[in-house]
Amino acid sequence: MEHYKTLQVFQKFPSSGVFHLNLNRPSQRNALSRDFFPEFSIALQSLDQNPNASVIVLSGTGDHFCSGIDIKTLNSIANDTGDRGRSGERLRRDIKYLQEAITAIERCRKPVIAAIKGACIGGGIDIVTACDIRYCSKDAFFSVKEVDMGLTADLGTLQRLPGIVGFGNAMELALSGRRFSGQEAKDLGLVSRVFGSKEELDEGVKIIAEGIAAKSPLAVTGTKAVLLRSRDSSVEQGLDYVATWNSSMLVSDDLMEAVSAHLQKRKPTFSKL
């Protein structure tokens with residue numbers, strides 16, 4: 001398995017199909033360094049291609065999920081000098097490059113579940129809004145912090161958050177930069193459930209992730225792909241896309257295995273993807 005400076009990839013239970021991807025700079029509250037962005041893309045691509053990986057649980061090592069982008073990273077981006085036009089063009093390409101690392105979560109065929117504890121600030125919000133499912137512990141707190149740093153958030157929060165919590169709520173959170181709790185995140189729809197402790201979060205996410213991993217991998221990856229495509233399409237376009245998708249996927253052995261298992265009152269066994 002690859003070695004990373006900013007990440008940790010491991011499996012707690014080798015037969016489960018659940019892989020853990022941890023932001024791994026606990027002494028910096030998992031702030032996003034320059035090294036994080038290429039490594040994150042590589043790690044997600046590797047897990048996407050790993051037939052043993054069915055579900056990815058994304059969390060942070062230590063007490064916090066992510067405290068945002070590292071100040072050193074911001075300084076390196078901001079301190080470009082020279083011709084203003086060329087500096088601007090380089091900066092635009094750099095921002096697009098950083099955006100791609102976050103979008104890699106959506107490009108990964110496997111579901112990515114965010115398990116959030118402690119701080120989830122700035123770049124942390126960019127990351128979790130790109131995830132497929134989000135849970136947090138009671139101690140979690142959130143902030144769309146970029147406005148307080150003199151920035152317009154540019155790695156996905158302003159594009160994804162409105163579709164999750166509603167346009168008005170996203171506008172209020174992004175303009176105020178205020179801190180909000182795990183319970184408010186649940187009330188807004190940013191997370192699906194709040195667990196009473198970090199231990200309960202880990203156990204609850206384990207049960208959910210293993211449940212998804214036991215399902216047909218073709219059905220799971222297809223559901224993610226169709227939902228993401230439908231999010232940015234009209235209903236008619238989304239229906240057309242899923243009809244085309246299932247015209248090839250419904251002929252798989254997974255459907256027959258699921259039906260047989262249901263009739264025989266047993267757990268289905270699916271081939272790896």
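Here is a short chat about a predicted model, covering a sheet, two helices and two loop residues.

Colleague: Before we start, what kind of model is this?

Modeller: It's a predicted model.

Colleague: OK. There's a sheet with strands 5, 7 and 8. What order do they come in?

Modeller: The order is 5-7-8, in an open sheet of three strands with mixed pairing.

Colleague: Which strands stand at the edges?

Modeller: Strand 5 (119–121) and strand 8 (180–181) do. Each has a single partner strand, so one side of each is left without a neighbour in the sheet.

Colleague: And in which sense do strand 5 and strand 7 pair?

Modeller: In the parallel sense, over three bridges; strand 7 covers residues 141–143. If you want a spot to look at, find Cys120, which stands opposite Phe142 in strand 7.

Colleague: Got it. What does helix 4 touch on the sheet?

Modeller: Helix 4 (residues 123–130) packs on the sheet and touches both strand 5 and strand 7. Its direction makes about 90° with that of strand 5.

Colleague: Now helix 5. At what angle do the axes of helix 4 and helix 5 cross?

Modeller: Roughly 55°, and the axes come within 9 Å; helix 5 is residues 157–165. That angle makes helix 4 oblique to helix 5.

Colleague: Is that crossing left-handed or right-handed?

Modeller: The crossing of helix 4 and helix 5 is left-handed.

Colleague: Which residues make the contact?

Modeller: From helix 4 you have Ile125, Asp126, Thr129 and Ala130. Helix 5 brings Thr157, Arg160, Leu161 and Ile164.

Colleague: How do the residues of that contact divide into nonpolar, polar and charged?

Modeller: Four are nonpolar, two are polar and two are charged.

Colleague: Changing topic: what's the phi of Arg29?

Modeller: Near 50°, which is a positive value in a residue other than glycine.

Colleague: Where does Arg29 lie?

Modeller: In the loop between strand 2 (18–23) and helix 1 (36–49). Arg29 is partly exposed there, with a relative accessible area of 36%.

Colleague: And what about the phi of Lys265?

Modeller: Lys265 has a positive phi too, about 55°, although it is not a glycine. You'll find Lys265 in the segment after helix 11 (253–263).

Colleague: Is Lys265 buried or exposed?

Modeller: Exposed: the relative accessible area of Lys265 is 77%, and the cut-off for calling a residue exposed is over 50%.

Colleague: Thanks, I'll go and look at those.

Technical notes: Residues are numbered from 1 along each chain as its sequence is written. This is a predicted model: local features need pLDDT of at least 70, side-chain atom pairs count only at pLDDT 80 or more; totals for chains, interfaces and linings use all residues. Side-chain values use heavy atoms; hydrogens and water are left out. Two strands pair if DSSP finds at least two bridges between them. Helices (H or I, at least four residues) and strands (E, at least two) are DSSP runs, numbered from the N terminus. Contact means heavy atoms within 4.5 Å. Axes are lines fitted to C-alpha atoms, for helices over the stretch in contact, and angles run from 0 to 180 degrees between N-to-C directions. Buried means under 20% relative accessible area, exposed over 50%, partly exposed in between (1.4 Å probe, protein chains only). Angles under 35 degrees count as roughly parallel, over 145 as roughly antiparallel, 65 to 115 as roughly perpendicular and the rest as oblique. A crossing is left-handed if the near helix is turned anticlockwise from the far one by less than a right angle, and right-handed if clockwise. Ala, Val, Leu, Ile, Met, Phe, Trp, Tyr, Cys and Pro count as nonpolar, Asp, Glu, Lys and Arg as charged, and the others, Gly among them, as polar.
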